[in-house]
Amino acid sequence: MSGPPLDVAAARAIVLGACRPLPAEPVAIADALGRTLATDVVAAADVPGTDTSAMDGIAALPCPAGTRLSVIGEARAGHPALRPPSGGEAIRISTGAVVPDGPFGVLQQELVEGDADEVVATEEIPEGRNVRRAGEDLRAGEVVLEAGRVLDPAGLGVAVAAGLAQVSCSRRPRVAIVATGDELKAPGEALAPGELHDSNLATLSALAVADGCELTGAAKAGDSLEATVDALAGALAGADLVACSGGVSVGPHDHVKPALAELGAEELFWKVALKPGKPTWFGTRGETLVFGLPGNPVSAMVTWILFVRPAVDAVLGRVPGPAATALLAEPLTRNPARDECVRVRIEAGRATATGPQGSHVLSSMALADALAVVPRGEGELPAGAEVELVAIGR
Ligand code: AMP
Ligand code: MG
């Protein structure tokens, strides 16, 4: 498909239109960090399950300051008192221990005088003082976490508190990465003139894992049709999503499009009005989403972030976060034909470009907190203009 490059939004809409939700699977809490909830988490019971003490001290029925109380027992965390205290009595109580049923209050240890058997409350003990009520944190039946949420440490904690040992999560998309190019050498290998280290395999694999995918393959292909077909065929086998870098333009050594055609992939778009990232290709083969990303290292990352990440979110059922914005700390020149993703550092809500913006300049990507989207147009965006931000990391 040729013709004018697509708008970024139109291209993303085509990608999202091809995404189908992945099935759910049970995941043990210990394995669920970063996973996406497929169903709501509902509290099985009230949390706390009973009234509990917020302090170490004594529990007693309401009484005025100066009341003398005989100590008849103890309630510790996990060990309720054998019987509740009556008027003129108290129990020693620890933080988190059950406060007996009734109009009890707790006086913290610092305000209690006396010995093991008899104490004096130096302040009034009104009903409910230092008492955490049953259900104050979670109510039985309450939705505590909504489907689509990515589980973070606090989310895992609240799921456990809600009574769950496992959560229903969307299966992670199986993702295979292919990097094309005769010039590519593995990390650390010696380079002959014209060769370079294959950073796309590293960045795209890392983006896949950071975005919640299961990396099922990371392969390199030389610049021949046969090698490209071989590598892509291997990547397509069993993958929900394939992302290939390089070889997607119109040069005599660009074999990705013919290789994908030979493998039966259907093209849904090629070329987006985006800088960097113009030659981005997207299509499907059966249920598999296929992305032909440009080879330049920043273009590969930017197009993953703008097109592949939303696809990953969509198949996982992730709820996208709110869009962030910042004000430009300095003017930025606009590109007349393409929206530009500028690598920026954000300080106090203001965006500053991190350095040279060539699509091969990975160092300015490594310094950036976000991509600032500069809409195409004439002239420049002045300092102080508001720009949309796209997060680079997750
Ligand atoms: P291509 O899209 O294949 O024409 O590649 C465009 C530019 O990106 C060339 O300068 C390539 O050397 C470079 N490039 C392609 N693939 C990679 C890669 N995996 N890692 C680093 N640079 C790459
Ligand atoms: Mg190439």
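The shell around ligand 1 holds 9 polar, 4 nonpolar and 2 charged residues. This is a predicted model. Ligand 1 occupies the second largest pocket. The protein covers much of the ligand's surface, and the chain is assigned four domains, described below.

**The shell around ligand 1**
- Ligand 1 has 15 residues around it.
- Those that come nearest are Glu183, Asp198, Ser199, Gly247 and Gly295.
- Three elements each supply at least two residues of this shell: β13 (174-180), β15 (196-197) and α3 (199-210).

**Backbone contacts with ligand 1**
- Serine 199 has a backbone N or O atom 3.1 Å from a nitrogen atom of ligand 1.
- For asparagine 200, a backbone N or O atom lies 3.3 Å from a nitrogen atom of ligand 1.
- Glycine 247 places a backbone N or O atom 2.9 Å from an oxygen atom of ligand 1.
- On its own, ligand 1 has 480 Å² of accessible area, and the protein covers 78% of that.

**Domains of the chain**
- Domain 1 is assigned to residues 8-22 + 172-316.
- Domain 2 takes in 25-46 + 138-170.
- Domain 3 spans 52-132.
- Domain 4 runs over 324-391.
- Between the C-alpha centres of domain 1 and domain 3 there are 66 Å.

Note on methods: Residues numbered from 1 in each chain as written. Chains lettered and ligands numbered in written order. Predicted model: local features only at pLDDT ≥ 70, side-chain atom pairs only at ≥ 80, totals over all residues. Heavy atoms only, no water. Near = heavy atom within 4 Å. Polar contact = N/O pair within 3.5 Å; in protein donor to acceptor, adjacent residues only side chain to side chain. Areas by Shrake-Rupley, 256 points an atom, 1.4 Å probe, with all protein chains shown as cover. 1 Å grid on protein atoms, 1.4 Å probe; cavity = no way out; pocket = protein on both sides within 12 Å on 5 of 7 lines; lining within 4 Å. Sits in = over half its atoms within 2 Å of the grid points. Helix = DSSP H or I, 4+ residues; strand = E, 2+ residues; numbered from the N terminus. Nonpolar A, V, L, I, M, F, W, Y, C, P; charged D, E, K, R; others polar. Domains from an automatic or database assignment.
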